[in-house]
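Hi everyone, thanks for coming. I'd like to walk you through a structure that is probably new to most of you, so let's have a look at it together.

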Amino acid sequence: MKITKKEVEYVARLARLALSEAEKEKMTAQLDSILQYMDKLNSLDTKNVEPTSHVLPLNNVWREDKVQPSLSREEMLANAPEQAEGFYKVKKVIE
Amino acid sequence: MKFEAVIGLEVHAQLKTKSKIFCGCSTQFGAEPNTQICPVCTGMPGVLPVLNKVAIEYIIKTSLALDCKVNPLSRFARKQYFYPDLPKNYQISQYDQPVSEHGYLDVQVDGKTKRLGITRIHLEEDAGKLLHEVGSRQIDGSYVDLNRTGVPLMEIVSEPDMRTPQEAHAYLIALKSILEYLDVSDCNMEEGSLRCDANVSIRPVGQKEFGTKAEVKNMNSFKGVQKALEYEIARQIKVTEEGERIVQETRLWDADKEMTFSMRSKEEAHDYRYFPEPDLVPVVVDEKWLAAIKATLPELSSQKKERFVKEYSLPEYDAGVLTADKNLSEYFEATIKGYANPKAASNWIMTELLAQLNAANKTIKESLITPKHMREMLELIDKGTISGKIAKTVFEEMFASGKMPDVVVKEKGLVQISDEGAIAKIIEEVLAANAKSVEEYKAGKTAALNFLLGQVMKKTQGKANPGVVNKILKDKLS
Ligand SMILES: [Zn+2]
């Protein structure tokens, strides 16, 4: 096995995913087969191949530093589960 | 056992661009909450970030000024964590390929120059702001303002080269000066455009290995950084001497209590699972572009200091004080434009003006005494219209009201009396009234002369020309 159930639980917790026992088993098996496939890829000789930094053959794509209108606050807050006094509202965050 | 501290600083500086790093929203400080946001900076599905070119130019400028090696290729990475001020649930930052690395900054501590290494400088986006109360009113949750989300942020990471809180303080002052000279950041700690976290550990003097470090956050002034470090170093020494272990943790500085407190966060929260940002293409900086940016670098404080010494024949000390702050150096140069005595200007600016501004908690930009006020006052002294002593009265009035010096002199009747006949008359009156002092002087008690001089000045409300008084007084007594 390339990955343990414990590691799957750890990654799920970092991603705030709640997995049932059955899902954990399923994910462990799937991730295991993905990692095995990675091993297969790793067996290729890539000594003379430049690492791909991006799938597009592009770099230096910019915008100029110009202010564009933002969206209205009403529009931006429209889909928020909770809002108050022009703010997004969330459960009390204790620091 | 004697301990020494090992300190490294992480400074976050907001870049002074007009628009955000990946969208066109304004970066203006102080706007109504959530009025400078759009689908890009709030991470709505399907949007794509596009890099602000000026942000890259500013960070390259900073890199060059700090002698960092600019990487020919840099790219962005996603730093993933959950917090309500981070709408995308990841921050676009840089990881293994930052914009630049391996620089340094020379600072002066106790008259000695110390070179402090800079590990790396990278570009990232700022997060939003959380409010737990509105003014002093409690709220039954937390409020999120995303105006700050996506403002370009430059993180400057130092090497763990500092050994004392004073060195850390000197590093921050020098760094702030450079960022201000480059005009790439407002560097306002109160408004949050400059933030500083510190990594600090202790070790017995002579030991090579580092001790376990604590990360200290939440310091909102340069003095606060110094105090927090002083506290934290003392705390770690005490813990160690009591035979306990230092725990690797994040601690928050409480400026009111002047103590640091453990944040008690879970260590696993620091597993950020960085991976290359697929929505942005790499940044490639070639020699030509680098040279073009280098050509736009302004004169920095160290160069300006040298020039002030050479061009204006100022002492090293004066030149250092005047050039530490960019605005002050510009004030000085504006003052001496067409004025022949730079040292006199330097004296007045360094002593009177800086002291008064300090006492009034004002910056040089807020000074009601403009360079023009200052120059005209100096000219009045040079012409003999007012004495240096009266100039102080004029100065105070200008500082308070912003009136021009000639107006103050006229309104307050402060013109210096240099007329020999008039002064001689006053001196005769003083001598007649103080026969005892005259005798004492003639008996060889020279201090009596100062007393008599003081009496003349008192009688003229300080307006008599001291040189003339001195001369006539001596003539009459001989
Ligand atoms: Zn935006």
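When I say contact today, I mean heavy atoms within 4.5 Å. With that in hand, the contact here takes 35 residues from chain A and 54 residues from chain B. Within it, A:Trp62, A:Arg63 and A:Asp65 supply 18% of the area that chain A buries against chain B, more than any other three residues. The two chains bury about 4000 Å² between them, and 58% of that is on carbon and sulfur atoms. Buried area here is the accessible area, with a 1.4 Å probe, that two parts lose on being put together, summed over both.

A word on what we are looking at. This is a predicted model, where local features need pLDDT of at least 70, side-chain atom pairs count only at pLDDT 80 or more, and totals for chains, interfaces and linings use all residues; side-chain values use heavy atoms, with hydrogens and water left out. Residues are numbered from 1 along each chain as its sequence is written, while chains are lettered from A and ligands numbered from 1 in the order in which they are written.

How confident is the predictor? The model scores ipTM 0.89 and pTM 0.81. Then there is pLDDT, the predictor's confidence in each residue, from 0 to 100. Chain A averages 91, with 98% of the residues at 70 or above, and chain B averages 90, with 99% of the residues scoring at least 70. Among the elements of chain A, helix H1 (residues 5-14) has the lowest mean pLDDT, 92, and strand S1 (residues 62-63) the highest, 96. As a general caution, where pLDDT is low, the predicted coordinates should not be read in detail.

Now for the sheets. Helices (H or I, at least four residues) and strands (E, at least two) are DSSP runs, numbered from the N terminus, and two strands pair if DSSP finds at least two bridges between them.

Which strands make up the sheet that draws on both chains? It is an open sheet of 4 strands, in the order S2(A)-S3(A)-S10(B)-S9(B), with antiparallel pairing. Its edge strands are S2 (83-84) of chain A and S9 of chain B, each pairing on one side only. On the chain B side, S9 (residues 129-134) and S10 (residues 137-145) run antiparallel and are joined by 5 bridges. One bridge matches B:Glu133 with B:Gln138, and another matches B:Leu131 with B:Tyr143. The hairpin has 2 residues between the strands, and there B:Gly135 takes a positive phi near 65°.

Chain B also has an open sheet of 9 strands, in the order S3-S7-S8-S11-S1-S12-S13-S14-S15, with mixed pairing. At its edges sit S3 (69-70) and S15 (259-262), each pairing on one side only. Inside that order, S1 (residues 3-14) and S12 (residues 194-204) of chain B pair in the antiparallel sense over 11 bridges, with B:Ile7 partnered by B:Val200.

Let's stop at one residue of this sheet, B:Val109, found in strand S7 of chain B. Is B:Val109 buried or exposed? Its relative accessible area is 16%, so B:Val109 is buried; the word means under 20% relative accessible area, with exposed over 50% and partly exposed in between (1.4 Å probe, protein chains only). Not counting residues up to four places away in sequence, B:Val109 touches B:Gln166, B:Glu167 and B:Ala170. By contrast, B:Val109 and B:Ser74 are 35 residues apart in sequence and 35 Å apart in space, C-alpha to C-alpha.

Stepping back, chain B is divided into domain 1 (3-292), domain 2 (301-412) and domain 3 (420-477), with bounds from an automatic or database domain assignment. Taken over C-alpha atoms, the centres of domain 2 and domain 3 of chain B are 32 Å apart.

I'll finish with two serines. B:Ser301 lies in helix H5 (residues 301-312) of chain B, and it counts as buried because its relative accessibility is 18%. Beyond its neighbours within four places in sequence, B:Ser301 is in contact with B:Ser177, B:Tyr181 and B:Thr323. B:Ser346, in helix H8 (residues 342-360) of chain B, is buried with a relative accessible area of 0%. With the same neighbours set aside, B:Ser346 is in contact with B:Leu314, B:Asp318, B:Leu322 and B:Phe332. Thanks for listening!
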